[in-house]
Amino acid sequence: MTAIDPITLDTEARRQRRFARINKADAWFRVFGLAWMTPILKAAAGDNPRAQAGDIWRLLGVPLLAIALFIGLWATLAPKVQTSLGAVPGPAQVWEQVGELRADAVREGEREMAFYERQSERNAEHIANGEPDKVRDRVYTGKPTYYDQIWTSIKTVFFGFLIASIVAIPLGIAAGLSVTANAALNPLIQIFKPVSPLAWLPIVTMIVSATYTNSDGMFSKSFLISAITVTLCSLWPTLINTALGVASIDKDLVSVSRVLKMNTYTKITKLVLPSALPLIFTGLRLSLGVGWMVLIAAEMLAQNPGLGKFVWDEFQNGSSQSLARIMVAVFTIGIIGFLLDRVMFALQSMFTFSNNR
């Protein structure tokens, strides 16, 4: 009988623990779009490097090659297309404008800092001269930077999405549990779901302008107009998927709730929501994506602060750099949309994991 070396056993045990940690991390790599990390770590740990190389090529090499081909075609074909603003900018020109926008933001930040320093000096001088009534604290009202526009759009879409979720999830639960509620809501869903944000926007603008007359409120009027438009257009996917998820729960669970004489709240929180959670999160992800697209259109049309207004202002500006800056905004909108979806997918994975433990 051959004795097994304890050192070999210890090495194998450590190796198995490493692979267990890698497999556990793989679920989160997939959530954040980093699935290519798993074969790299496995190859580094010595798990059949040749097989892992194939996965690395499929998960990382092919996407990078596709991106490289896209950039190559873009750089080759862009100069051949002439517009009223000159040739379509290539990757180099667009990247140059990324740096320019960054420099603009730095310069604006320096101007804002200088403004507050001058204001502090004036106020200190008034106080020293015994003139406290002349002290003024004014807010800097300079031009918003590109980063300010991005942050405004993100805040607006999340606010509108939050309101949409608060409205849609309870209505979806009611429609899924009650045939009567479903019959009442279905025609409204069918009528209003296809309505374009461009149709909602003038109605929302007039109603908000008529009812929100206090300019010193918590939210600006333009913010509310954009957010409510997002709400009206983005609540439908969540409502429909929530109703579908609730209506499709296992009938045995419903029977158990009757046998145990659960009240409505316990039934919803303990049985309905856990079972319907995957479809609810699918609806939330769709709603957030719809809301992000709607917001950019609403900001462009209503000239409300945000990325949409930035695009429209650059289009109206008509300078030689405008087209490149618009393309920077296009890539920014796409990247943020991808990140928003990843955030919702991560939340879905967290809730599903905790629910299934």
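**Exercise 1. Determine how R107 and D104 are placed relative to each other in helix 4, and describe their contact.**

Solution. Because R107 and D104 are 3 residues apart in helix 4, about one helical turn separates them. The structure is a predicted model, and the distances that follow are computed from it. The next step is the contact itself: R107 and D104 form a salt bridge in which the closest N and O atoms are 2.2 Å apart. The last step is exposure. R107 has a relative accessibility of 38% and counts as partly exposed; D104, at 26%, is also classed as partly exposed.

**Exercise 2. Identify what the salt bridge between D104 and R325 ties together.**

Solution. Begin with the distance: the closest N and O atoms of D104 and R325 are 3.1 Å apart. Next, place the partners. D104 belongs to helix 4 and R325 to helix 12, so the pair ties together parts that are 221 residues apart in sequence. Then consider accessibility: R325 counts as buried because its relative accessibility is 14%, and the cut-off for buried is under 20%.

**Exercise 3. Describe the salt bridge between D313 and K309, then name the residues joined into a network by shared partners.**

Solution. The side chains of D313 and K309 meet at 2.8 Å, N to O. Both residues lie in helix 11, 4 residues apart, which means that about one helical turn separates them. D313 is partly exposed, with a relative accessible area of 30%, and K309 is partly exposed at 22%. Salt bridges that share partners join D104, R107, E314 and R325 into one network. A search of the whole structure finds 8 salt bridges.

**Exercise 4. Characterise the largest pocket by its volume and its lining.**

Solution. The volume comes first: about 540 Å³ of space lies in this pocket. There are 24 lining residues, and P144, D148, T152, K155 and P305 are the closest to the centre. As to the elements involved, helix 4, helix 5 and helix 8 each supply at least two lining residues. Helix 5 gives the largest share, 6 residues. By residue type, the lining divides into 9 nonpolar, 10 polar and 5 charged.

**Exercise 5. Carry out the analysis for the second largest pocket.**

Solution. This pocket has a volume of about 390 Å³. Its lining consists of 17 residues, with W95, V98, V328, F331 and I335 nearest the centre. Helix 3, helix 4, helix 5 and helix 12 each contribute at least two residues to the lining. The division by type is 16 nonpolar, 1 polar and no charged.

**Exercise 6. Locate the nonpolar patch on the surface and examine I67 as one of its members.**

Solution. The patch is formed by L64, I67, F70, I71, F331, I335, F338 and L339, with about 760 Å² of accessible area together. Helix 3 and helix 12 each supply at least two of its residues. I67 lies in helix 3 and is partly exposed, with a relative accessible area of 47%.

**Exercise 7. Describe the two loop residues P89 and Q303.**

Solution. P89 is found in the loop between strand 2 and helix 4. With a relative accessible area of 8%, P89 is buried. The C-alpha atoms of P89 and M327 are separated by 8.4 Å, although these residues are 238 residues apart along the chain. Q303, in turn, belongs to the loop between helix 10 and helix 11. Q303 is not a glycine, yet has a positive phi of about 60°. At 30% relative accessibility, Q303 counts as partly exposed.

Methods
Residues are numbered from 1 along each chain as its sequence is written. This is a predicted model: local features need pLDDT of at least 70, side-chain atom pairs count only at pLDDT 80 or more; totals for chains, interfaces and linings use all residues. Side-chain values use heavy atoms; hydrogens and water are left out. Patches are made of residues with over 30% relative accessible area and no salt bridge: like charges are joined within 9 Å, nonpolar side chains (Val, Leu, Ile, Met, Phe, Trp, Tyr) within 5 Å. Accessible areas come from the Shrake-Rupley method with a 1.4 Å probe; for residues, only the protein chains shown count as cover. A salt bridge is a side-chain nitrogen of Lys or Arg within 4 Å of a carboxyl oxygen of Asp or Glu. Buried means under 20% relative accessible area, exposed over 50%, partly exposed in between (1.4 Å probe, protein chains only). On a 1 Å grid over the protein atoms alone, a cavity is a set of points where a 1.4 Å probe fits but cannot get out, and a pocket is an open set with protein on both sides within 12 Å along at least five of seven lines; lining residues have an atom within 4 Å of a point. Grid points are joined across faces, edges and corners, and a volume is the space filled by probe spheres set on the points. Ala, Val, Leu, Ile, Met, Phe, Trp, Tyr, Cys and Pro count as nonpolar, Asp, Glu, Lys and Arg as charged, and the others, Gly among them, as polar.
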